[in-house]
Amino acid sequence: MKMIEKPVIKESLQYGAIISWKFRDTITPVRKKFAYRFLLTFSNGMEYPMQKGGYHTKTEALKAKEFTITELHSKKFVPFEYTLKEFFDFWLYYYMSDVEKISYNTFCNYRNIIYNYILKIWDPNKKIVDIERNDINKILNSIEKKGILKSAYTVLRSSFSYAKSHQITRSNPAITAIRMKKKAVRKAYHQAMRDGTLTYEEKQNPILSIPQISLLLLTCKNTKPEMYIPLLLSLTTGLRISEVIAIKFSDIDWWEGELHIRRQLGRTLSNDGADEERLCTQEVKTKSRSGNRTIPLGNFIIDELIVARHKYEAMQKSNPDFQDLDFVCFKENGLPYNRSSFGKPFKKLLAECNLPDLRWHDLRHTYATVLKENDISLKAISSCMGHNGTKVTEEVYINIPKETVYECEKQIAAFIVDILPRTNLTLDIPIPEKDLLEFLPAKVYNMVG
């Protein structure tokens, strides 16, 4: 896997914003013309002397000096000029990576926008101070895909906001350009709806019923045991796959029946773990502050985790190469899985069960929808999923179809009867509905709700 190499940048890009200045009282003669001198102090403590000259008279130099002082007060003075490539190299590889500490996936997304779109339309050697609103429009109008356009909004808005606040450019032309583009997109959308050239179809993520969940778990346990614990935790806690593979046995409160989420696994931007075969399984922060949370576990989940712990200890004793890293989802050598480890096996499992094709992430939609259908409070669901509020949970993750799974018992029963004889299973699935609905014990969701 390709390592991330930082480009060389100009030192002045890391000075930060101008925090103070001091001008000489007198105008200085320079080669039969006049100049004014001043000292800038930047937020990193750097002091930088500057001189502006070439004026024919002292009066002309004094007026220019007063104009510079005005620009400094209004934060429109630009001490150094940079090309677009120089600026975006710094903004992505140094500011967003080192200061904002964006994730590896976000980094790749931003890098794609910058180098495959922005710097393909704009001349990389053009000065950033020369960028105007029409230049921004050219970028936005060149992008057709909705997802890429949304990312471009973020990159342009954030990068030019940084450039403006740190006096790398005098204005932020992205704000107005993005507002106008969004307005044009909405107008075109509504016009297409009126003309009948576009029909609105509400996105529906595949949702599994409780009998389907039971079948999926039982089949997985019998045919793909290495994937059983990750699948069980995803379905019964609503965790992201990056959070599931990061769980350690020490995160489990066995007595209270609770799971503490404090990290996720992923790739960092510093290439950590390459030598230990853990480039993509570094321990990183949760997606947001609300990602640090405590989730209640049902009794049967605790039982399964106890079995997993016994298996862990047995492998630790029998395998001399086993690494004691304490991960609940572990390989034969003790190393954790990465986010893509279960992609193909999961698709095969769905096919084995004759279930709809869905992504692993869709299990979060199933978790939220099943709980909502069982009258669990929206606030409790949101809290367990690690969302900042209930809006995302309700609008994105809860997908209640017009005919809900609980209004389709006849169809589900027929489905189970049709499937089970061919798999030599009995109708008495050993994971009853009452256990599956132990996701949130009453003592927890009554307090949260």
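**Buried helix, two cores and a surface patch**

In helix H7, the buried residues are Ile 210, Gln 212, Ile 213, Ser 214, Leu 215, Leu 216, Leu 217, Leu 218, Thr 219 and Cys 220. The model in which they appear is a predicted one. H7 as a whole is mostly covered, with 10 of its 14 residues buried. The helix runs over residues 210–223. From the first C-alpha to the last, H7 reaches 20 Å, close to the 20 Å expected at 1.5 Å a residue.

The nonpolar cores come next. The largest of them has 60 residues. Phe 88, Trp 91, Ile 118, Trp 122 and Leu 156 are the residues with the most contacts inside this core. Helix H2, residues 84–99, gives the most to this core, contributing 10 residues. Apart from this core lies another, of 58 residues, and among its members are Leu 208, Ile 210, Leu 297 and Leu 363. Ile 210 is also one of the buried residues of H7.

Trp 91 can be followed further through its neighbours. Leaving aside residues up to four places away in sequence, Trp 91 touches Met 96, Tyr 110, Ile 114, Val 155, Ser 158, Ser 159 and Tyr 162.

Other tryptophans lie at the surface. Trp 254, Trp 255 and Ile 306 make a nonpolar surface patch of about 400 Å². Trp 255 sits in the loop between strand S5 (252–253) and strand S6 (258–261). Trp 255 counts as exposed because its relative accessible area is 85%, and the cut-off for exposed is over 50%.

Key: Residues are numbered from 1 along each chain as its sequence is written. This is a predicted model: local features need pLDDT of at least 70, side-chain atom pairs count only at pLDDT 80 or more; totals for chains, interfaces and linings use all residues. Side-chain values use heavy atoms; hydrogens and water are left out. A nonpolar core is a set of buried Ala, Val, Leu, Ile, Met, Phe, Trp, Tyr and Cys residues joined through side-chain atoms within 4.5 Å. Buried means under 20% relative accessible area, exposed over 50%, partly exposed in between (1.4 Å probe, protein chains only). Helices (H or I, at least four residues) and strands (E, at least two) are DSSP runs, numbered from the N terminus. Contact means heavy atoms within 4.5 Å. The expected span of a helix is 1.5 Å times one less than its number of residues. Patches are made of residues with over 30% relative accessible area and no salt bridge: like charges are joined within 9 Å, nonpolar side chains (Val, Leu, Ile, Met, Phe, Trp, Tyr) within 5 Å. Accessible areas come from the Shrake-Rupley method with a 1.4 Å probe; for residues, only the protein chains shown count as cover. A salt bridge is a side-chain nitrogen of Lys or Arg within 4 Å of a carboxyl oxygen of Asp or Glu.
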